[in-house]
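Visitor: I would like to learn how to read the interface in a model such as this one. Could you take me through it step by step?

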Amino acid sequence: MKDHAATLRKTAFSLLALVVLISAGLQFYRHRNLREPVVLGPGVTDVKNLSDYFDGISGTINDAHVYVLEGEEPGGAILVLGGSHPEEPAGRLAAWIFAENAVVQKGRLFLILSTNRSATTVTRLGGAYPTDYSIETNFGSRTFRMGDRWSNPLDQWPDPEIYIHYPSRQELAYIDIRNINRTWPGRPHGTLTEQTCFAMTELIKKEGIDIVIDLHEAELQYPVISTIVAHSKGQDLAAFSSMMISGMEGFNIGMENSPEALRGLSHREIGDHTDAISLLLEAPEPFLDATRGRTDRKLLLEGKDRFIVRAGKHGLLFEKIDENGWPIALRVGRHCSTLLQIFELWTEEKADRGLVVSGVPRYSDIVDRGVGAFLKNPATADPNRIVYE
Amino acid sequence: MHRLYRVVVAAAVVLMLCSVVSTAQPEGPKPELPVLITSCGQSPGPAMLKVIFMRAKLEYDPIAYEISEMASSEDLKAGKEAGTPFKTLIIVMGASLKGMGAAGISMEDELSRTEALIAEAKKQGMTVIGSHIEGMKRRSQGASAGDTTDEQSIDAVAPFSDILLIHKEGNSDNRFSIIAKEKNIPLIEVEKNLDLISEIQKLFHR
């Protein structure tokens, strides 16, 4: 009798575990396999892959697409990185808007929308993040994968006890061996994340990239926010862009120098290891703040949270916030306008290496009309002009 | 009548003299080129001022301005001894913990360097301009709880400046206005940093 009851209990728990396993497995599977269409805009002249620059990345989840927009007039080359940290969606969406709308008259624009594609397939473990989010458009909605700051452990595991950055040998947090903004410039025989950086470093060198701009978002409790972080080679460009944007675009953006002592970051290592100027843009994302309330899609897209507002009243924030929050349109708009100003000022200074781009909305356009107004309808697009991320 | 005529003429002469004296009075400190630009707190402010000076296109042989994040009183002495003294010192106020960390220095180091720099500048008769151009981000809004380095930087520079050149948003609590009033320092405020270009042109061309 006693044995029978124990067997029943074990069976019930096993079944319960199986239900949880299947339900979680399905959620992980759906997240990892959610297809994100990119409707190639009129300016996209080629779609390459990172493996075109480094074969070692071929066949891995991080063999990201590289969208090339080449103008008729020769000029410079600029690389924009979206999705280094896919839990910061404004960077990916801004790059998406460029891919679907931009037309280049002069020079070449390279776009990567999923710089760490592996990190788009997982969210913060135990963080109860939504696995996706949808942007409303006039034809319905477009759904994107929400991601994490780190590569998916399914793709790179286990983490070491200690992470020694290559080549500086600086000791970094062990988990940051999966953080693509701590593994620059990368190495060919390293981890997946290091190999991804190495592939992009090869791209930068082989394509003669003049400027790399890495798009990010930051919590309001982090001091490096609403700013352009600039390698010393890009100080003048960042300083003047900051002033032009603050004077003309309707929002303020500051400037920070890239610290030499902090290794592995794009704004440090790309500038040090290639001829390119490296810049990193930060927009405010309340979703990432530790003192947030419910962690849902609404917070991700509207950026409204009364607990963070309260933290601001206690002087704990480095950026302002009120009941209007930080909607995704403002954050994407900031990135788009900052990119355009940097392109314009660079072209003004270096005419022979210039990049002239049209068709991309600025901050005020995106704030007025929303992000969805600048996303194309995959259902009515030419199937030959659709690529999946 | 003759006497009245003489009184009128005398009064006119006195008025004319007063007028001459009035126009001959200094309008305030007159900064001259060349300029040494540094910061007190290793903020990126000097890089922003460098761009402003580039755009202002001030001409001076051999060079109108120089940026030195770690400028010291020794640099000023060396310039004077070499016969190429700086005439104006601009110190950008506001601290960056990242910037100081990168330079391997503390706020105390910055305060001592600044104090020595201002003392030498005054000794050489240079004009000292205190500048704060990064708004509230380089004040309380940009500082962690308990981090007073931005305010220490202001205290080390603003009261000892001959001119204050300030972005209006960073003066929204009247911090600089109060110092300017107490110390009788001319205060130039700009709404946008781009306006600094014309202000710099006016300051050095008048």
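Guide: Since this is a predicted model, let us begin with polar contacts between confident residues: between chain A and chain B there are 6 residue pairs in polar contact, with both partners at pLDDT 80 or more.

Visitor: Which elements of chain A supply at least two residues of the side that touches chain B?

Guide: Helix H4 (235-248), strand E12 (254-257) and helix H8 (328-349) of chain A each do so, and H4(A) gives the largest share of that side, with 8 residues. By residue class, the side of chain A that touches chain B divides into 14 nonpolar, 6 polar and 7 charged residues.

Visitor: How many salt bridges does the rule find across the interface of chain A and chain B?

Guide: A salt bridge is assigned by a distance cut-off of 4 Å between a side-chain nitrogen of Lys or Arg and a carboxyl oxygen of Asp or Glu. The rule finds 5 of them across this interface, and the side chains of Arg138(B) and Glu256(A) meet in a salt bridge at 3.0 Å, N to O.

Visitor: What area is buried between chain A and chain B?

Guide: The buried area sums the loss over both parts, and for chain A and chain B this comes to about 2200 Å², of which carbon and sulfur atoms give 57%. Of the area that chain A buries against chain B, Asp236(A), Met243(A) and Phe318(A) supply 28%, more than any other three residues.

Visitor: And how should I read chain B by itself?

Guide: Chain B has 8 helices and 6 strands, and of its 206 residues 48% count as buried.

Conventions. Residues are numbered from 1 along each chain as its sequence is written. Chains are lettered from A and ligands numbered from 1 in the order in which they are written. This is a predicted model: local features need pLDDT of at least 70, side-chain atom pairs count only at pLDDT 80 or more; totals for chains, interfaces and linings use all residues. Side-chain values use heavy atoms; hydrogens and water are left out. Buried area is the accessible area (1.4 Å probe) that two parts lose on being put together, summed over both. A polar contact is a pair of N or O atoms within 3.5 Å; within protein, one must be able to donate a hydrogen and the other to accept it, and residues adjacent in sequence count only if both atoms are side-chain atoms. Helices (H or I, at least four residues) and strands (E, at least two) are DSSP runs, numbered from the N terminus. Ala, Val, Leu, Ile, Met, Phe, Trp, Tyr, Cys and Pro count as nonpolar, Asp, Glu, Lys and Arg as charged, and the others, Gly among them, as polar. Buried means under 20% relative accessible area, exposed over 50%, partly exposed in between (1.4 Å probe, protein chains only).
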